[in-house]
Amino acid sequence: MSITVGIAGITGKFARELASALLKYPDINIKGYCRDPSKVPESLSSKVSLSKGDAFDTSAIRSFVAGCDVVVCCYLGDDKLMVDGQKALIDACAAEGVPRYVASDWSLDYTKLKLGELFPKDPMIHVKAYLDAQDKVKGVHVLVGMFMDVFFGPMFGTYDASSTTFKYWGTGNEIWEATTYRNAAEYTAAVCADKSAYGIKKFIGGRATIREIAESFEKVYGVKPKLESHGSVDGLFKKMHELRKNDPQNVFSYMFLFYQYYMINGRTYLGTEIDNGQYPQVKPVNWEDFMKSVPKDQLANAFFNVGNDI
Ligand SMILES: NC(=O)c1ccc[n+]([C@@H]2O[C@H](COP(=O)([O-])OP(=O)(O)OC[C@H]3O[C@@H](n4cnc5c(N)ncnc54)[C@H](OP(=O)(O)O)[C@@H]3O)[C@@H](O)[C@H]2O)c1
């Protein structure tokens with residue numbers, strides 16, 4: 001029996017990876033929804049049924065979700081989009097009899113956080129509560145730690161390509177849980193194909209300390225990176241709050257420090273009880289595997305290249 005998967009925000013990086021992973025399944029049909037279908041690469045648009053509309057166009061959303069077995073939200077944007085835009089999709093799923101909704105998560109374990117702690121994750125907490133209260137639509141939450149592609153990017157502030165330095169807070173022995181965009185998409189495609197999958201699903205490609213990541217870097221690229229400490233985890237907490245207090249509008253000056261803090265302080269770890277084993281057809285990609293797949297001179301740009309080869 002075939003399965004129809006609806007992807008909202010199909011122009012995005014993760015969405016393109018997901019569509020590509022789903023196309024490997026023989027019995028899956030894909031419907032895509034976005035503001036501008038001309039942005040969808042031809043390699044996908046020829047194989048996907050596309051419809052156009054904005055995040056709050058109720059009737060366009062209803063016709064997009066109609067006939068889907070599962071709808072996956074791949075939006076990334078402001079809080080209104082992430083909360084009200086997702087609620088619009090969930091309401092449409094309830095009205096059209098779509099039994100499962102995959103929330104736009106792919107994240108550390110935000111279910112352990114209180115509202116306001118890691119502020120970019122607040123919308124996910126609201127959407128999970130909204131899904132938990134549904135009786136017709138089952139919520140699916142795919143947790144993966146962070147994307148390795150983001151970790152090495154210049155905005156994250158951990159890997160400095162120009163000086164081949166890893167800059168870290170803490171002792172350097174804190175665990176970083178992560179997978180890649182592509183690997184997370186492969187696991188999400190497996191979840192879409194599995195009609196019995198709902199609730200929280202945890203998938204990890206690799207767990208490693210920054211010291212171990214640096215060792216893998218040397219092994220893969222033959223260059224020993226420098227390791228530079230910024231200070232303690234408590235110092236990171238102080239620094240991120242100071243930056244926010246002094247210039248709250250300048251969100252990008254402190255947002256990634258908040259992510260770093262909640263990634264390494266142990267609060268949001270997925271832990272070792274994970275769901276990788278349910279889908280043995282997907283091979284987890286660990287930190288070293290990821291570095292092996294990306295030339296050194298492209299590592300810092302890996303995030304910007306996600307989905308471009310699809
Ligand atoms: N754990 C991690 O490290 C990590 C890192 C990055 C992302 N993520 C997660 O991955 C998911 C997807 O992220 P991504 O990197 O693929 O995002 P992305 O490439 O920026 O794509 C975002 C999508 O949202 C759509 N969108 C943005 N604003 C919109 C609006 N106002 N109305 C309608 N659509 C709108 C975009 O459409 P247009 O093309 O029309 O703009 C695009 O389709 C999110 O859940 C995000 O939280 C996790």
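A residue is called buried here if 20 or more other C-beta atoms lie within 10 Å of its own, exposed if 12 or fewer do, and partly exposed in between, with C-beta atoms placed from the backbone. The model is a predicted one, in which local features need pLDDT of at least 70 and side-chain atom pairs count only at pLDDT 80 or more, while totals for chains, interfaces and linings use all residues. Residues are numbered from 1 along each chain as its sequence is written.

**Stop 1: Trp106 and Thr164**

Select Trp106, which sits in the loop between β5 and α5 (122–132); helices (H or I, at least four residues) and strands (E, at least two) are DSSP runs, numbered from the N terminus. Trp106 is buried, because 25 other C-beta atoms lie within 10 Å, and its phi is positive, about 45°, although Trp106 is not a glycine. Most residues other than glycine have a negative phi. Then select Thr164, in the loop between β8 (159–160) and β9 (165–169), where phi is again positive, near 45°, in a residue other than glycine. Thr164 has 16 other C-beta atoms within 10 Å and is therefore partly exposed.

**Stop 2: the shell around the ligand**

Next, display the ligand with the 24 residues around it, of which Gly9, Thr11, Gly12, Phe14 and Gly77 come nearest; a residue belongs here if its C-beta atom, placed from the backbone, lies within 6 Å of the molecule. The elements that give two or more residues to this shell are α1 (13–22) and β7 (146–147), and α1 provides the largest share, three residues. Colouring by class shows twelve nonpolar, six polar and six charged residues in the shell, where Ala, Val, Leu, Ile, Met, Phe, Trp, Tyr, Cys and Pro count as nonpolar, Asp, Glu, Lys and Arg as charged, and the others, Gly among them, as polar.

**Stop 3: two glycines in loops**

Select Gly145, which lies in the loop between β6 (138–143) and β7. Gly145 is buried, because 27 other C-beta atoms lie within 10 Å. Leaving aside residues up to four places away in sequence, Gly145 touches Leu108, Glu177, Ala178, Thr179, Ile204 and Leu270, a contact meaning that the two C-beta atoms, placed from the backbone, lie within 7 Å. A distance drawn from the C-alpha atom of Gly145 to that of Phe166, 21 residues away along the chain, should read 19 Å.

Now go to Gly97, in the loop between α4 (79–96) and β5 (100–102). Gly97 counts as exposed because it has 12 C-beta neighbours inside 10 Å. From Gly97 to Val142, 45 residues apart in sequence, the C-alpha to C-alpha separation is 22 Å.

**Stop 4: α4 and its partners**

Select α3 (residues 58–65) together with α4: the two helices pack at an angle of about 55°, with their axes 9 Å apart. Axes are lines fitted to C-alpha atoms, for helices over the stretch in contact, and angles run from 0 to 180 degrees between N-to-C directions. Angles under 35 degrees count as roughly parallel, over 145 as roughly antiparallel, 65 to 115 as roughly perpendicular and the rest as oblique, and α3 and α4 are therefore oblique to each other. The contact is formed by Thr58, Ile61, Arg62 and Val65 of α3 with Ala88, Leu89, Ala92, Cys93, Ala95 and Glu96 of α4, and by class it has seven nonpolar, one polar and two charged residues.

Replace α3 with α5 in the selection, and the axes of α4 and α5 come within 9 Å and cross at roughly 15°. These two helices are therefore roughly parallel to each other. On α4 the contact uses Asp79, Met82, Val83, Gln86, Lys87 and Ile90, and on α5 it uses Pro123, His126, Val127, Tyr130 and Leu131.

**Stop 5: α9 and α10**

Finally, select α9 (residues 233–246) and α10 (residues 255–264), which pack at an angle of about 150° with their axes 9 Å apart. That angle makes α9 roughly antiparallel to α10. Their contact joins Val233, Leu236, Phe237, Lys239, Met240 and Leu243 of α9 to Leu257, Phe258, Gln260, Tyr261 and Ile264 of α10, and these residues divide into nine nonpolar, one polar and one charged.

With α10 alone selected, eight of its ten residues are buried, so the helix is largely enclosed by the rest of the structure. What covers its buried residues includes β7, β9, β10 (175–179) and α9. Just after α10, the tour ends at Gly266, which takes a positive phi of about 90°.
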